[in-house]
Amino acid sequence: MADAADEARVRAGFWRKIASVATRVPFADDATAAYYCALDSRTPTRVRALLFGALAYFLLPTDALPDVFAGIGFTDDAAVLATALNLLASHITPTHREAARAALAGLRADAPGPEPRPDDAATHGAR
């Protein structure tokens, strides 16, 4: 089962964090696709747990390299997410990636709207 604390941390803070960094980090699309995959009930529990752990690390205000260091602050976050994504890439579907692109396009355009939900039709396409 996914670690409840990591899942709660990700659900509570993911959109606030990604909105604040979406234009500054090159891995925003991957992080958002991982978010959708982690929330997808069809994703195996083990995969969900690993993704929630990697995303929770991304949300931590203090980590190995604090995010306030320009240019290098997100490198440890990127490394953790890249490792998780490389191991679990087969579980992140084109549907997860499309939902991530759409959500980030809205954030980047400063379009107001409700938080995208993993149970929306956009995330339940064919695998």
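A helix here is a DSSP run of H or I at least four residues long, numbered from the N terminus. By that rule, alanine 82 is found in helix H4, which covers residues 75-88. The model is predicted.

Start with the whole chain. The protein has five helices and zero strands. Along the sequence, the pattern reads α-α-α-α-α. There are 127 residues, and 43% of them are buried. The accessible surface comes to about 6,700 Å². Carbon and sulfur atoms own 60% of that surface. Now take the contacts between residues at least 6 apart in sequence. Of these, 70% join residues at least 24 apart.

Next, the helix pairs. Begin with H1 and H2. Helix H1 spans residues 4-21, and helix H2 spans residues 28-39. Their axes come within 12 Å and cross at roughly 160°. Angles over 145 degrees count as roughly antiparallel, so H1 and H2 are roughly antiparallel to each other. The crossing of H1 past H2 is left-handed. On the H1 side, the contact is made by Val10, Arg11, Phe14, Trp15 and Ile18. On the H2 side, Ala28, Ala31, Thr32, Tyr35, Tyr36 and Leu39 take part. By class, this contact has nine nonpolar residues, one polar and one charged.

Move on to H5, residues 94-108. Helix H5 packs with H1 at an angle of about 60°, and the two axes are 9 Å apart. That angle makes H1 oblique to H5. The crossing is right-handed. H1 brings Trp15, Ile18 and Ala19 to the contact. H5 brings Ala103, Leu104 and Leu107. The residues of this contact divide into six nonpolar, no polar and no charged.

H5 also packs with H2. Here the angle is about 125°, and the axes are 8 Å apart. H2 is therefore oblique to H5. This crossing, too, is right-handed. From H2 come Ala28, Asp29, Asp30, Thr32, Ala33, Tyr36 and Cys37. They meet His96, Arg97, Ala99, Ala100, Ala103, Leu104 and Arg108 in H5. The classes here are eight nonpolar, two polar and four charged.

Some residues recur across these contacts. Trp15 and Ile18 of H1 appear in the contact with H5 and in the contact with H2. Ala103 and Leu104 of H5 appear in the contact with H1 and in the contact with H2. Ala28, Thr32 and Tyr36 of H2 appear in the contact with H1 and in the contact with H5.

Look closer at one of them. Threonine 32 lies in helix H2. Is it buried or exposed? Its relative accessible area is 0%, so threonine 32 is buried. Leave out residues up to four places away in sequence. Threonine 32 then touches Phe14, Trp15, Ile18, Ala100 and Leu104. Of these, Phe14, Trp15 and Ile18 belong to the H1 side of its contact with H2. Ala100 and Leu104 belong to the H5 side of its contact with H2.

Finally, return to alanine 82 in H4. Its relative accessibility is 35%, so alanine 82 counts as partly exposed. Which residue, 51 residues apart from it along the chain, can be paired with alanine 82? That residue is alanine 31, and the two C-alpha atoms are separated by 9.0 Å. Alanine 31 is also one of the H2 residues in the contact with H1.

Note on methods. Residues are numbered from 1 along each chain as its sequence is written. This is a predicted model: local features need pLDDT of at least 70, side-chain atom pairs count only at pLDDT 80 or more; totals for chains, interfaces and linings use all residues. Side-chain values use heavy atoms; hydrogens and water are left out. Axes are lines fitted to C-alpha atoms, for helices over the stretch in contact, and angles run from 0 to 180 degrees between N-to-C directions. Helices (H or I, at least four residues) and strands (E, at least two) are DSSP runs, numbered from the N terminus. Angles under 35 degrees count as roughly parallel, over 145 as roughly antiparallel, 65 to 115 as roughly perpendicular and the rest as oblique. A crossing is left-handed if the near helix is turned anticlockwise from the far one by less than a right angle, and right-handed if clockwise. Contact means heavy atoms within 4.5 Å. Ala, Val, Leu, Ile, Met, Phe, Trp, Tyr, Cys and Pro count as nonpolar, Asp, Glu, Lys and Arg as charged, and the others, Gly among them, as polar. Buried means under 20% relative accessible area, exposed over 50%, partly exposed in between (1.4 Å probe, protein chains only). Accessible areas come from the Shrake-Rupley method with a 1.4 Å probe; for residues, only the protein chains shown count as cover.
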